[in-house]
Amino acid sequence: MFSKYFEDLEKRLAKKPAGKKAPAGKGKPGKPGKHEPAKPLSPAEIIQVISGIIPSHLKASALRIIDQSGYSPENVDFIIFRELYRDIESLMGGYVPSELVYASCFISPSLNHDSLKTVLGRVIQAKKVDRYTESDAEKNIIPSFIIARGAEISLPDAKRAILDYYMSHSIDYSFEFDILVVLGAGMVIKDWREKRNFIALETGRDTLMWFFILVNEYLDVEKGRDLDLRAYVKRTEKYNEY
């Protein structure tokens with residue numbers, strides 16, 4: 001029923017716009033200038049798409065996560081969260097308490113061995129949220145999704161490179177990403193039933209549709225933790241009591 005919607009959307013997102021030609025004379029004599037590389041997807045484009053395909057009680061925005069200890073990972077492109085207060089961006093100074101965050105999202109340039117290592121490192125920092133808080137409550141595990149416009153390596157090669165990175169750096173399996181999607185090509189999905197196991201799927205034009213289905217399975221959960229506003233007040237004040 002909704003496959004055509006995602007097929008059309010995938011064509012628009014995966015299509016590489018023609019780059020500008022280099023000025024005349026920059027190439028070899030008698031030959032036209034080469035095309036410049038296509039512009040990568042901007043966070044704004046991806047956020048707009050994701051906003052339309054997540055549950056209506058959630059919001060996608062380029063805000064930052066913060067936990068009760070004050071830890072806030074850098075280089076998260078955008079998050080999916082529950083907008084408990086309409087003015088939460090101003091209220092929290094551009095941050096969202098981790099208790100309200102349902103996912104951290106990363107946008108990768110064309111996937112190769114170098115860009116893959118970079119984005120995996122960014123995910124690790126995001127997965128550390130809530131790991132070092134003093135609260136006795138159950139730790140909040142926030143899923144991480146990676147979106148890449150294209151790839152210079154095959155999905156099987158990407159899967160091997162992912163496993164090699166995690167094993168060679170002795171990364172705790174709980175710091176691994178959840179879904180990596182390469183638009184128009186396929187996905188690499190973490191198999192939570194087994195430690196350090198991933199499944200690579202060549203889903204082609206159906207990639208965005210399956211990403212929508214899988215992501216919503218992650219988002220369709222009830223957060224067991226309530227927001228403790230007192231934990232985010234870091235000033236120590238003494239007030240007159242009568």
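**Figure 1. Leu84 sits in a loop and helps to form a nonpolar surface patch.** In this predicted model, Leu84 belongs to the loop that links β3 (78-82) with α3 (88-91). Which residues make up the nonpolar patch? Leu84 is joined by Tyr85, Leu91 and Leu229, and the patch covers about 360 Å². Leu84 counts as partly exposed because its relative accessibility is 35%, a value between the 20% and 50% cut-offs for buried and exposed.

**Figure 2. Seven strands line up in an open sheet.** Let us step back to see the sheet. Its strand order is β1-β3-β5-β6-β7-β8-β9, and the pairing is mixed. Which strands form the edges? They are β1 (58-61) and β9 (198-201), each of which pairs on one side only. From one strand to the next, the twist averages 15°. As a general reminder, strands of a sheet pair through backbone hydrogen bonds, in either a parallel or an antiparallel way.

**Figure 3. Strand β6 has β5 as one partner and β7 as another.** Here you can follow the pairing strand by strand. Strand β5 (residues 101-108) runs parallel to β6, and five bridges join the two. Look for Cys105, whose bridge partner in β6 is Phe145. Another pair to find is Ile107, which stands opposite Ile147 of β6. Now turn to β7: how many bridges join β6 to β7? There are four, and these two strands also run parallel. Ile147 appears again here, with Val181 as its bridge partner in β7.

**Figure 4. Both faces of β6 are covered.** On one side of the strand you will find Ser144, Ile146 and Ala148, and on the other Phe145 and Ile147. Are these residues buried or exposed? All of them are buried, which accounts for five of the five residues in β6.

**Figure 5. Ala148 is a buried residue of β6.** Strand β6 spans residues 144-148, and Ala148 is part of it. Why does Ala148 count as buried? Its relative accessible area is 0%, and the cut-off for buried is under 20%. Setting aside neighbours within four places in sequence, Ala148 is in contact with Ser108, Pro109, Leu111, Val181, Val182 and Leu183. Take Val181 from that list: Ala148 and Val181 are 33 residues apart in sequence, while their C-alpha atoms are 6.2 Å apart in space.

**Figure 6. Helix α4 lies across three strands.** The helix comprises residues 113-127 and crosses β5, β6 and β7 (179-182), running at about 160° to β5. Val119 is one residue to look for in α4. It counts as buried because its relative accessibility is 1%. Which residues does Val119 touch, not counting those up to four places away in sequence? They are Phe106, Ser108 and Ile146. Val119 and Asn75 are 44 residues apart in sequence and 9.1 Å apart from C-alpha to C-alpha.

**Figure 7. The close-ups belong to a chain of 242 residues.** Altogether, the chain has six helices and nine strands. Buried residues make up 44% of the chain. Its accessible surface comes to about 14,500 Å², and 51% of this belongs to carbon and sulfur atoms. Among contacts between residues at least 6 apart in sequence, 66% join residues at least 24 apart.

Terms used. Residues numbered from 1 in each chain as written. Predicted model: local features only at pLDDT ≥ 70, side-chain atom pairs only at ≥ 80, totals over all residues. Heavy atoms only, no water. Patch = residues over 30% accessible without salt bridge, like charges linked within 9 Å, V, L, I, M, F, W, Y side chains within 5 Å. Areas by Shrake-Rupley, 256 points an atom, 1.4 Å probe, with all protein chains shown as cover. Salt bridge = Lys/Arg side-chain N within 4 Å of Asp/Glu carboxyl O. Buried < 20%, exposed > 50% of the residue type's maximum accessible area, 1.4 Å probe, protein only. Contact = heavy atoms within 4.5 Å. Pairing = 2+ DSSP bridges. Axes fitted to C-alpha atoms, helices over the stretch in contact; angles between N-to-C directions.
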